[in-house]
Amino acid sequence: MTLQDLKIKIEDRSAKIAVIGLGYVGLPVACEFARVGFQVIGVDIVEDRVEKINRGISPIEGNEPGLDDLLGSVIQLGNLQASTEYQDLSDQDIILIDVETPVDEDHQPRYAALRSVLRELGPVMKSGALVIVESTIAPLTMQDLVLPLLEESSGKAVNQVFFLGNCPERVMPGKLLKNLRTVSRVVGGMTTQTADTMIALYKNVVDADLDSSDCITAELVKTAENAYRDVNIAFANEVALICEAVGGDVWKVRELVNKSPSRDMHLPGAGVGGHCIPKDPWLLIANVQKDYQPQLIPTARAVNDSMPLHIAELTIKALKKVNININKARIAVLGYAYLENSDDTRNSPSEVLVSHLQSLGVKVIIHDPYVEDFQGDIFEKGRDCHAVIVMVKHDEYKELDLRKLYRVLKKPFLIDGRNVINEDDAIASGFNYLVIGK
Ligand code: SAJ
């Protein structure tokens with residue numbers, strides 16, 4: 001089948017779609033194409049996940065508005081079914097790949113999942129199929145890894161017997177479906193005709209710009225947009241550290257800096273977590289080391305990764321002033337998720353803080369209203385603590401009853417890593433209050 005034939009099948013929605021990887025990206029994508037009338041087969045290696053999905057039950061934790069109902073209805077409709085078998089993809093015209101693309105300890109991309117998908121897919125993929133990688137990948141991955149691996153495993157030639165492109169996802173936990181529908185996408189095709197066909201596909205589910213491009217541009221945009229955010233957060237964090245050193249107030253400084261035109265100083269804080277921002281900057285620079293030594297991006301990562309340890313330092317110094325030995329201290333950490341009002345703890349700065357404090361012999365008690373293991377009564381958790389550290393700006397912490405908290409603590413130290421607590425209230429309630437950047 002030619003791309004022209006495929007485009008016609010897309011337009012009358014008779015094209016058959018497969019989604020490989022039914023996680024927080026793949027599952028909503030599969031549901032969306034099924035919702036608009038395509039026949040979709042989802043493939044995932046986790047048996048339990050496949051079984052749940054076929055029963056119309058979403059395996060995704062956290063609150064994803066609309067997803068549970070949508071999944072139930074497309075399963076009911078029969079437009080979506082999940083399987084663990086690649087063989088079930090052999091008749092699919094379009095194959096979307098949404099598997100994890102993490103980086104490991106030395107910040108190198110780990111493409112084990114992507115490689116195994118390409119190895120399994122090649123032999124079963126039909127002629128004329130269009131394969132689209134939606135996972136975030138380092139620039140040059142399409143050209144140097146995906147294309148050769150797929151040609152080798154399928155024995156088919158790209159742009160002749162199968163077609164290839166990448167369209168990086170731009171979803172955010174907590175609003176997966178909303179983002180999928182309303183955020184623009186860069187559509188990278190190995191050829192412009194491939195990109196056009198991809199746009200015809202995505203037009204069915206995306207109500208935003210679909211920017212036709214080539215594969216390397218799509219790889220660069222996705223990783224650069226997240227590196228942009230990481231560098232900006234690092235800048236805010238460095239200004240906060242400078243303010244602490246010279247006796248400034250970064251919150252006042254930030255407010256006034258942002259009054260000057262085209263400034264957008266981000267929020268300083270206790271660190272940068274999540275599944276995108278800490279990872280994508282490393283993907284952006286992964287394949288350039290031999291030609292150019294990036295400095296700003298790795299340094300920004302180091303600044304952001306140092307913030308949880310800086311919070312620990314502030315706490316240790318405060319307790320030392322009143323002769324409390326850190327290895328005798330009992331400290332409550334408020335917030336374990338990486339992001340406010342979320343239960344997602346991936347790469348959480350709190351994880352770094354807690355293990356560092358525990359390595360110093362501190363007794364750490366964790367509270368987080370969204371994370372199952374750490375829910376419970378804040379005041380019970382705070383009882384007899386020498387200090388409380390706020391690491392996440394969960395809404396609940398904004399209305400904390402400070403007088404009540406003061407009464408249960410052994411020592412009234414309050415270290416605020418996100419500028420959540422009102423300083424005047426904290427001081428009026430008797431706290432020794434410290435906020436990052438001041
Ligand atoms: N953070 C700061 N200061 C800031 C902003 C964030 O310290 O000014 C911290 C947060 O506390 C968190 C981490 O950075 O620990 C990441 O926060 P985030 O707001 O960037 O949220 P994410 O990780 O969900 O990022 C997603 C990304 N979306 C996609 O990859 C599709 C990112 O591209 C978006 O820019 C971001 O959401 C967003 O705009 O909310």
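R185 is buried in this predicted model, with a relative accessible area of 3%. That value is under 20%, which is why R185 counts as buried. The residue belongs to strand β7, which covers residues 185-189. Its surroundings are easy to list: leaving out residues up to four places away in sequence, R185 touches E134, C167, P168, E169, R170, L180, Y202, V206, D209, L210 and D211. Two of these contacts involve backbone oxygens. The side chain of R185 reaches the backbone oxygen of C167 at 3.0 Å, and a polar atom of that side chain lies 3.1 Å from the backbone oxygen of P168. R185 and P168 are 17 residues apart along the chain, yet their C-alpha atoms are separated by 7.2 Å.

Strand β7 is part of a bigger arrangement. Eight strands make up an open sheet, and going across it the order is β3-β2-β1-β4-β5-β6-β7-β8, with mixed pairing. At the edges stand β3 (80-83) and β8 (210-214); each has a single partner strand, so one side of each is left without a neighbour in the sheet. From one strand to the next, the twist averages 25 degrees. Within this sheet, β1 (residues 16-20) pairs with β4 (residues 94-97) in the parallel sense, over four bridges. One place to see the pairing is I17, which stands opposite I94 in β4. In general terms, the strands of a sheet pair through backbone hydrogen bonds, either parallel or antiparallel.

Two helices lie across strands of the eight-stranded sheet. Helix α8 (residues 192-202) lies across β1, β4, β5 (130-133), β6 (163-166), β7 and β8, and runs at about 140 degrees to β7. Helix α9 lies across β6, β7 and β8, and its angle to β8 is about 120 degrees.

Helix α9 turns up again in the second largest pocket, which has a volume of about 800 Å³. Of the 34 residues lining this pocket, the closest to its centre are R229, I233, I277, Y338 and L339. Which helix supplies the largest share of the lining? It is α9, with seven residues. Both α9 (215-246) and α10 (250-257) supply at least two residues of the lining.

Further along the chain there is another sheet. This one is open, has five strands with parallel pairing, and follows the order β10-β9-β11-β12-β13. Its edge strands are β10 (363-367) and β13 (432-435), and each pairs on one side only. The twist averages 20 degrees from one strand to the next. Helix α13 (residues 349-359) lies across β9 (330-334), β10 and β11, and it runs at about 160 degrees to β10.

Strand β12 gives a good view of how this sheet is put together. On one side, β12 (residues 413-416) is joined by four bridges to β11 (residues 387-390), and the two run parallel. A387 stands opposite F413 in β12, while V390 stands opposite D416. Strand β12 also pairs with β13, again in the parallel sense and over four bridges. Here F413 has N432 of β13 as its bridge partner, so F413 can be followed from one pairing to the other. In a regular strand the side chains alternate between the two faces of the sheet. In β12, F413 and I415 point one way and L414 and D416 the other way. Are these four residues buried or exposed? All are buried.

Away from the sheets, S58 offers a look at a loop. The residue lies between α3 (47-54) and α4 (67-77). Although it sits in a loop, S58 is buried, with a relative accessible area of 14%. The side chain of S58 reaches the backbone nitrogen of I60 at 3.1 Å. Leaving aside neighbours within four places in sequence, S58 is in contact with L27, L67, D68 and L71.

Definitions and conventions. Residues numbered from 1 in each chain as written. Predicted model: local features only at pLDDT ≥ 70, side-chain atom pairs only at ≥ 80, totals over all residues. Heavy atoms only, no water. Buried < 20%, exposed > 50% of the residue type's maximum accessible area, 1.4 Å probe, protein only. Polar contact = N/O pair within 3.5 Å; in protein donor to acceptor, adjacent residues only side chain to side chain. Contact = heavy atoms within 4.5 Å. Axes fitted to C-alpha atoms, helices over the stretch in contact; angles between N-to-C directions. 1 Å grid on protein atoms, 1.4 Å probe; cavity = no way out; pocket = protein on both sides within 12 Å on 5 of 7 lines; lining within 4 Å. Points joined across faces, edges and corners; volume = space filled by probe spheres on them.
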